[in-house]
Amino acid sequence: MARPVGILGGTFDPVHNAHLAIAGAALRALDLQQILWLPTGAPAYRPAPVAAAAHRLAMLKLAIAGEPRYMVDERELRPEASGLTFDSLSSLHKDVPGQSFILLLGADQYAKRASWHRWTDIEKLCEIAVVARPGFKLDAKARTIPMTPLPVSASDIRERIARGEDVSAMLPPAVLAYLREKGLYL
Ligand code: ATP
């Protein structure tokens, strides 16, 4: 049977080193054939991302360039997309019948799972694997991916850039160069 495909969804506003660490750790620990990076659009039920989708997508592509097992899936950026993980998983299943998927989540997102649209149905469509995140308890029931917790977040990076601080240790160099060139998050 085909090895599972990991799904890493997020706003990636911007993509940072913890996202890359999650993907690398998941590839190894779960023996994934591939990771689908699923950037979210701007659905009505949550605050809009700061950078435009085109910028977030461009930074994501720069961050994962050179790793053939990483692919960007743009279905949540389509104008008609609901942005709901349940809908994305359902459409992935239709596109690739029989493929198994593992949804990769930080402990912060996993802690909020009860509020997700159709969470119990999501659990029927895929496995869930969780990584530790500083400040969030890992649920003992969750399947976890071993990873050293990294104190990096996109919101902290945006605030640091706005304050003129150095964020070069938190992002791939190509992403940093892009956001500097475009003047993002200033
Ligand atoms: P923001 O600070 O804007 O909320 P973020 O850093 O959490 O952003 P997202 O794009 O929202 O980044 O996250 C995508 C996924 O990566 C989520 O499942 C989130 O839990 C996970 N994630 C992000 N940063 C970390 C981290 N430092 N440790 C573990 N998981 C993380």
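An oxygen atom of the ligand lies 3.0 Å from a polar backbone atom of Phe 12. That's a good place to start looking around this predicted model. Thr 11 joins in too, with a polar backbone atom 3.1 Å from an oxygen atom of the ligand. For Ala 154, the distance from a polar backbone atom to a ligand oxygen is 2.8 Å. And how much of the ligand's accessible area does the protein cover? On its own the ligand has 600 Å² of it, and the protein covers 89%.

**Who surrounds the ligand**

- There are 21 residues around the ligand, and the ones that come nearest are Asp 108, Arg 133, Leu 150, Ala 154 and Ser 155.
- So you've met Ala 154 twice now: it is among the nearest residues, and its backbone has a polar atom 2.8 Å from a ligand oxygen.
- Sort the shell by class and you get 9 nonpolar residues, 9 polar ones and 3 charged ones.

**The pocket it sits in**

- Where is the ligand, in terms of pockets? The space it takes up is the largest pocket.
- Several elements give two or more residues to the shell around the ligand: the strands β1 (5–10) and β4 (101–106), plus the helices α1 (17–30), α4 (107–111) and α6 (154–162).
- In volume, the largest pocket comes to about 1,200 Å³.
- Its lining is made of 46 residues, and those closest to the pocket's centre are Gly 10, Thr 11, Asp 108, Gln 109 and Lys 112.
- Thr 11 is worth a second look, since it is on that list and also has a backbone atom 3.1 Å from a ligand oxygen.
- Asp 108 shows up twice as well: close to the pocket's centre, and among the residues nearest the ligand.

**What builds the lining**

- At least two lining residues come from each of β1, α1, α3 (85–95), β4, α4 and α6.
- Which element gives the largest share of the lining? That's β4, with 4 residues.
- By class, the lining splits into 25 nonpolar, 14 polar and 7 charged residues.

**Two backbone oddities to find**

- Look for the cis peptide bond between Asp 13 and Pro 14, where omega is about 5 degrees.
- Pro 14 belongs to the loop that runs between β1 and α1.
- Next, check out Arg 118: its phi is near 55 degrees, which is a positive value in a residue that isn't glycine.
- You'll find Arg 118 in the loop between α4 and α5 (119–125).

Note on methods:
Residues numbered from 1 in each chain as written. Predicted model: local features only at pLDDT ≥ 70, side-chain atom pairs only at ≥ 80, totals over all residues. Heavy atoms only, no water. Near = heavy atom within 4 Å. Polar contact = N/O pair within 3.5 Å; in protein donor to acceptor, adjacent residues only side chain to side chain. Areas by Shrake-Rupley, 256 points an atom, 1.4 Å probe, with all protein chains shown as cover. 1 Å grid on protein atoms, 1.4 Å probe; cavity = no way out; pocket = protein on both sides within 12 Å on 5 of 7 lines; lining within 4 Å. Sits in = over half its atoms within 2 Å of the grid points. Nonpolar A, V, L, I, M, F, W, Y, C, P; charged D, E, K, R; others polar. Points joined across faces, edges and corners; volume = space filled by probe spheres on them.
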